[in-house]
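Dear colleague,

I am passing on the structure that we talked about, and below it you will find my notes on three places in it. Please read them with the model open beside you.

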Amino acid sequence: MDRQSTVPPSPATGRTPTGRTAAEATAPAGPLRSVAVVGLGTMGSGIAEALVRAGREVVGIDVSAEAAGRAVESLAAATARAVTRGKLTEDERRAALGRFRTSADLADAAGADLVIEVVPEDYALKHDVFTALDGIVAPTAILATGTNALSVTRLAADSAHPERVLGLHFFNPAPAMKLVEVVSSVLTAPSAVAAVTELAHELGKEPVAVGDRPGFVADGLLFGYLNQAAAMYESRYASREDIDAAMKLGCGLPMGPLALLDLIGVDTARTVLEAMYAASRDRLHAPAPILGQLAAAGLTGRKAGRGFYTYAAPGSSETVPDAETPGASGTGTAGRPVRSVGVVGSGTMASGIAEVFARAGLPVVLAARTADKAEGARARVAASLARSVEKGRITAGQRDAALELIIPAGSLDALAEVDLAVEAVAEDLAVKRELFTALDKVCRSGAVLATTTSSLPVIACARATSRPQDVVGMHFFNPAPAMKLVEVVRTVLTADDAHATVREVCAAVRKHPVDCGDRAGFIVNALLFPYLNNAVKMVQEHYASPDDIDTAMKLGGGYPMGPFELLDVVGLDVSLAIERVLHREFRDPGLAPAPLLEHLVAAGCLGRKTGRGFREYARA
């Protein structure tokens, strides 16, 4: 690459004697063909692999000969697997390996068109690297930091050529993950952004342009959620296994938050959160104390062999039993026998729950306010079962057998002999309390009374009866036949055998129960909705668009839906109601609903059901 003139610009005009601005004078002269990767840890090695497989000449630089050796071995192993899977030929593999070399000397970055720094998240260390690079690389070379927590602007401001400094945030594992966040400071030249964006496309990545703030988009949303999960575990509200299972099964996430913290590194997560908190002063970003305790003890996750979980060996992904692993002896309190179930309600959730019980072979009384509503709910079950037959999930005989077990009723009196009564009526506390008072009078002594509330206090329903020890939360997720998760919520008055009854019933109907206490949001909503609210705040602050945020969370976080897709599906009014409940319960300013969400709800823009939310939809 030809070195362009480094004559300083005129202070008055900002232009060099050739008439070009300083930013233009140091713009990349062409495609980024040669790349130096500084730091050959897991991320640096992964980035190097992605680059060489895309035809780039790469020098990997690390002061550790061991790290350099591991990077070479990693590339050799990854490309060998690619040949085995038919993704590379042996000739292509040899060519790729030939494009990668390692060095312990930063001066070997001299000929690079692009330098990607991926050293540990320490500002002084990164500053030293960038300062040294100023005297090594051509003025036209682009310098990119892989930080996900530190200020790109600060690194740029300390550079001799701040216009060429930007952030290039890959996600782990870099060869597989599609998302790359391209981070601009106020000093970054558009030509530098365009060059690395083009490179990202050529690597098969999806680049998202973001501004310089700690965490950027994906980590900015992800780490707040991870921090809350750590705090939830630390408070002993729920076990690590139940927290992780709840978020995987309730939200479709590829990993639970505590397992993900172990994968990322507890110390790394704490560093990111410290940077986020320093910028935002949002208490939701203040690292949970347990993160500091684990890091100080050297229990940093998989890389150490122990973090929230214990692993077979340092670096292993295999968890092994430890003192916190749930026992399998089954010596706990036994539940009460359940031979028949009552379901109260006529909506989607009530019919879905009735279907779950009937498909498991339990007789179900489906009670509604009128006989017609009860028949309508049973018809909804019949339609759902018919779809399952069409899709080959069940046979026609299984459909008929399940439907025969559902008895519609227009009065609560039909629930007199059921062993378990599950209410699935409107999410209105007054309505639910009135219903529980009626169930208390109708249901036999010893029957367990369950509420499917997702946000209201279970104890308030329990106190509406003369037998609060028999009342428990049984929160199904929609659609109930498909979703495996049930949050089992016990109050301070719930009897052990009533709690055990619901867990045993969940197992009998092939659902996964997770235990939690009686507080707003339980596990899933308490972790999910602050994350959604923070996404709205990003849009409200004009930091990123809904499309870019959705892309970032799907590609960078493995979410099945982006936050704005999910908000429009759930309903903005429903989301706002849950966020208000969380804010009222925990009194944390960071949980206050985003004003933009309140404004959209006030305008009647509730999501898909109204044809407009964060996006517009075709009306039926």
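The buried residues of helix α11 (buried meaning under 20% relative accessible area, exposed over 50% and partly exposed in between, with a 1.4 Å probe and protein chains only) are covered by elements that include α8 (218-234), α10 (257-264) and α12 (289-296). This is a predicted model, in which local features need pLDDT of at least 70 and side-chain atom pairs count only at pLDDT 80 or more, while totals for chains, interfaces and linings use all residues. Residues are numbered from 1 along each chain as its sequence is written, and side-chain values use heavy atoms, with hydrogens and water left out.

The buried positions in α11 are Val266, Ala269, Val272, Leu273, Ala275 and Met276. After α11 comes arginine 281, with a positive phi near 55°.

Helices α14 (residues 371-390) and α15 (residues 396-404) have axes, which are lines fitted to C-alpha atoms over the stretch in contact, that come within 9 Å and cross at roughly 165°. On the scale of 0 to 180 degrees between N-to-C directions, α14 and α15 are therefore roughly antiparallel (over 145 degrees; under 35 is roughly parallel, 65 to 115 roughly perpendicular and the rest oblique). In their contact (heavy atoms within 4.5 Å), Arg378, Val381, Ala382, Leu385, Ala386 and Val389 of α14 meet Ala396, Arg399, Ala402, Leu403 and Glu404 of α15.

Histidine 127 lies in helix α5 (residues 123-134) and counts as partly exposed, because its relative accessibility is 25%. Beyond its neighbours within four places in sequence, histidine 127 is in contact with Leu155 and Asp158.

With best wishes

Definitions and conventions: Helices (H or I, at least four residues) and strands (E, at least two) are DSSP runs, numbered from the N terminus.
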